[in-house]
Amino acid sequence: MNITQIGRFIAQRRAALGLTQAELAERLDITDKAVSKWERGKSIPDVALLSRLAAELRTSVVEILSGESRHVARSSNLDECRAPDEDGRTIHEAAGQGETLVLEPVDAGDLLVSPYLFGSNLEHTRSCLYSGLSAQMLRNRKFVGKPTAGMGCAMAWYPIGKQAIFTFDDPYTRHGEGYHMQRMAECNALHILNPRVGAAAGLGQHGVSIQAERPYLFAMVIKTRGLIAVSIALTDRTGERVYARHTVAAQAEDWTRYEIELTPGKGDADADLRITWEEAGSVCFGALSLLPKDHFRGMRRDVVHAMAALGIGVLRWPGGNFAGEYNWMDGLLPADMRAPFQSYLGLETQPHTMGYDFNEMNTDDFIALCREIGAEPFITINPCWNTPEENAAWVEYCNGDSTTHYGGLRAARGYVEPYRVQLWSLGNEFGYGHMEGDNTPGGYCKTVQEHGKKMLEVSPNLSLCSSGPYPNWEWAELSARPLSGMAQMISQHYYGYAPCFTDLMAVEQEYNRCLASIARMRCLIRQTHQMLSPNMRISLDEWNVWYAWYRPSSVTDGIYAALAMHLLIEEAEKSGIAIACHFQAVNEGMLCVEPDGVRMSAQGQIFALMRCHAGNHLCFASQEAVATMDREGRVTVTLINASYRQCKTVNFSKYGACREAVLYSSDNVLPPSFFSEKKLLEQAGSGSLCMPPHSVLKISF
């Protein structure tokens, strides 16, 4: 980002609309001095203000960050930021093994490191929501799929009562408007008939992890025939030891929701939930729920706090591939009522939940999460199964005021102020062949043109991103260019080589092959940039090591992430990268979630570290080092020693005394492994430090 160019663009747009600095400031609830600083190139708007500023200036977030209208080409001065060659090898040259790197002070220019390079995904895949961000503790709480063989009970549940009769019944769950997908076995209710007085009947589930003296909220949506005293208990696996129990006197001919609080006196990582009664009669279960009482809108608070600690600048949702399986209008229903989604790509997107997503998060929850962690929302539409009018309605729900139909609906639900979502993607990975819909460039272009047109009619200042496979000349000519009038960005994805650690003699080779794929990432980004019109930008909205979500995290992944983030900072201006999103935060790259806690992976440690550059002036950038200067003139440098065996000495004596020096290192690159953090401020007094193999160093002056 060029701070002078951004300021000039804001001033031009404000003047074109006939606004004074004071009037613009009043609309944004800030001081006119802040607007003046923007326009003079002294500072830039905070990320939290960008959407509101774009709306007021009738432009897009991408245009503000680019500092130009979508049809103006621009140049980069990034190459001018290199330090001169003096005594010793400067940081801008490739490091040889065991060599000393000499850090040369360089004046910061007008380029800023965009916070939008520090994005992540929140795709409903595998264990990102289930056993990850979602606070729901029960498996198959809405009874999807087929009954168990020979019993008739729902999968993941066990039957209680030798004489009890289990039957799937007419469902409580349902889909909202706009649902056109062709799926099966999404909506069921579980009916249990107890034919004998005095004999217990019901259902239970093993493997519920509970903590002592922690309150939990249990809820059930049921119908009964007659008065039934339903016992809800948390027990040990045998059912003999009871940790907490409550009885509900239920009598409901129509669907009724009952909620109770359970506080177990003892913790158990393998507890059971048992729901039973002894009256002769039946209970039909529509949905069950078990949550910690301190949940955040159905999400685990500890995971939300961990996401905030990562410093995510942009959050892309609901996918990814899952975007093609999602219907946003379902989210207008209560969470318990929302039908699960059967996955079109079952083994890829929902292998851990029997091929279903349980529809736990809606638009309101996502926006609340973004605000809680300080991220800009980035929403992907479903152009295959939702109509252009339905996706335009989604934009109106997010951005319309209370006088519009869907904006009024949002306001009636308790969210009066518009969400001002500026970043929207027109589907995901069309052209690769695995998404439903037309996967040809011409067919995709024709489809999403109507979607984009309708969306822009509702909110003209959106930043739209089109799909593809890139780099690809056919897609550039038949999709990206025809759509460039409405979609300023194209989506590009890249996953590096997945190291195969099966042979101890080949660990170094696999480590090096993984890191070498960073060069391929750079090459593909540059190829894509050459194919695009000058006004277009790249949204590298998925990047990671391939299959990082199917194995424990490792320092190999962490060093890969460090190199990738340095590359993104270095290439952003040269190759027109507007957005970059790591794939992905929860349980698939950056955070490792367990029933009783969450910790950062090696990738998460590096992501949180690199966030120190966001919004700062760029001094220099290379694969092995990035230096930035903040508004107070303080310089921060991050350095990478990617060598498997060799140490690297860094000489920074020309910078003077440093304020902070932290080393991220590990003796092990195999999974599972993490970086240990060691403060080296005392050792840094000599003006040089030795970096061990596969380590990252942060120095601040």
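Which backbone oxygen lies 3.5 Å from a polar atom of the side chain of S666? The legend on S666 below gives the partner. The model shown is predicted.

**Figure 1. The loop around S666, between β28 and β29.**
The backbone oxygen in question belongs to F674, and 3.5 Å separates it from a polar atom of the S666 side chain. S666 sits in the loop that links β28 (660-665) to β29 (676-679). Its relative accessible area is 13%, so S666 counts as buried. Beyond four places in sequence, S666 touches V555, S673, F674, F675, P693 and H694. S666 and S676 are ten residues apart in sequence, and their C-alpha atoms are 6.2 Å apart. P672 is also found in the loop between β28 and β29. The peptide bond that joins P671 to P672 is cis, with omega of about -5°.

**Figure 2. The whole protein, for orientation of the close-ups.**
The protein has 16 helices and 31 strands. Its C-alpha trace spans about 90 × 60 × 50 Å along the principal axes. The radius of gyration is 27 Å, which agrees with the value near 27 Å for a compact globule of 701 residues. Buried residues make up 61% of the 701. The exposed surface is about 26,300 Å², with 49% of it supplied by carbon and sulfur atoms. Among contacts with a separation of 6 or more, 76% join residues 24 or more positions apart.

**Figure 3. An open sheet of five strands.**
The strand order is β3-β6-β11-β8-β9, with antiparallel pairing. The edges are β3 (158-160) and β9 (242-250); each has a single partner strand, so one side of each lacks a neighbour in the sheet. From one strand to the next, the twist averages 25°. Within the sheet, β6 (residues 201-210) pairs with β11 (residues 268-277) over seven bridges, in the antiparallel sense. At I210, the residue opposite in β11 is D268.

**Figure 4. The loop after β6, with E213.**
E213 lies in the loop between β6 and β7 (216-224). Its phi is positive, about 65°, although E213 is not a glycine. Most residues other than glycine have a negative phi. Is E213 buried or exposed? E213 is exposed, because its relative accessibility is 56% and the cut-off for exposed is over 50%.

**Figure 5. Helix α4 and its packing partners.**
Helix α4 covers residues 47-57. Its buried residues are V47, L49, L50, S51, L53, A54 and L57. They pack against four other helices and a strand: α1 (3-16), α2 (21-28), α3 (32-39), α5 (61-66) and β16 (376-380). Just after α4 comes R58, with a positive phi of about 55°.

**Figure 6. R141, a buried arginine in a loop.**
R141 is located in the loop between α6 (129-133) and β3. With a relative accessible area of 2%, R141 is buried. Which side chain makes a polar contact with the side chain of R141? The partner is E360, at 2.9 Å. Apart from neighbours within four places in sequence, R141 is in contact with Q136, A287, L288, S289, A335, D336, F358 and E360.

**Figure 7. M354, with a positive phi.**
M354 is in the loop between α8 (346-349) and β15 (356-357). Its phi is near 60°, a positive value in a residue other than glycine. M354 is partly exposed, at 33% relative accessible area.

**Figure 8. The cis peptide bond at P471.**
Y470 and P471 are joined by a cis peptide bond, with omega near 0°. Most peptide bonds are trans. P471 belongs to the loop between β18 (463-466) and α13 (473-483).

**Figure 9. Helix α16 and its N-terminal cap.**
Helix α16 spans residues 602-610 and is mostly covered, with eight of its nine residues buried. The buried residues are A602, Q603, G604, Q605, I606, F607, L609 and M610. Which residue caps the N-terminal end of α16? S601 does: a side-chain oxygen of S601 lies 3.3 Å from the backbone nitrogen of Q603.

Terms used. Residues are numbered from 1 along each chain as its sequence is written. This is a predicted model: local features need pLDDT of at least 70, side-chain atom pairs count only at pLDDT 80 or more; totals for chains, interfaces and linings use all residues. Side-chain values use heavy atoms; hydrogens and water are left out. Two strands pair if DSSP finds at least two bridges between them. Helices (H or I, at least four residues) and strands (E, at least two) are DSSP runs, numbered from the N terminus. Axes are lines fitted to C-alpha atoms, for helices over the stretch in contact, and angles run from 0 to 180 degrees between N-to-C directions. Buried means under 20% relative accessible area, exposed over 50%, partly exposed in between (1.4 Å probe, protein chains only). A polar contact is a pair of N or O atoms within 3.5 Å; within protein, one must be able to donate a hydrogen and the other to accept it, and residues adjacent in sequence count only if both atoms are side-chain atoms. The radius of gyration is taken over C-alpha atoms; the globule rule is 2.2 Å times the number of residues to the power 0.38. Contact means heavy atoms within 4.5 Å. Accessible areas come from the Shrake-Rupley method with a 1.4 Å probe; for residues, only the protein chains shown count as cover.
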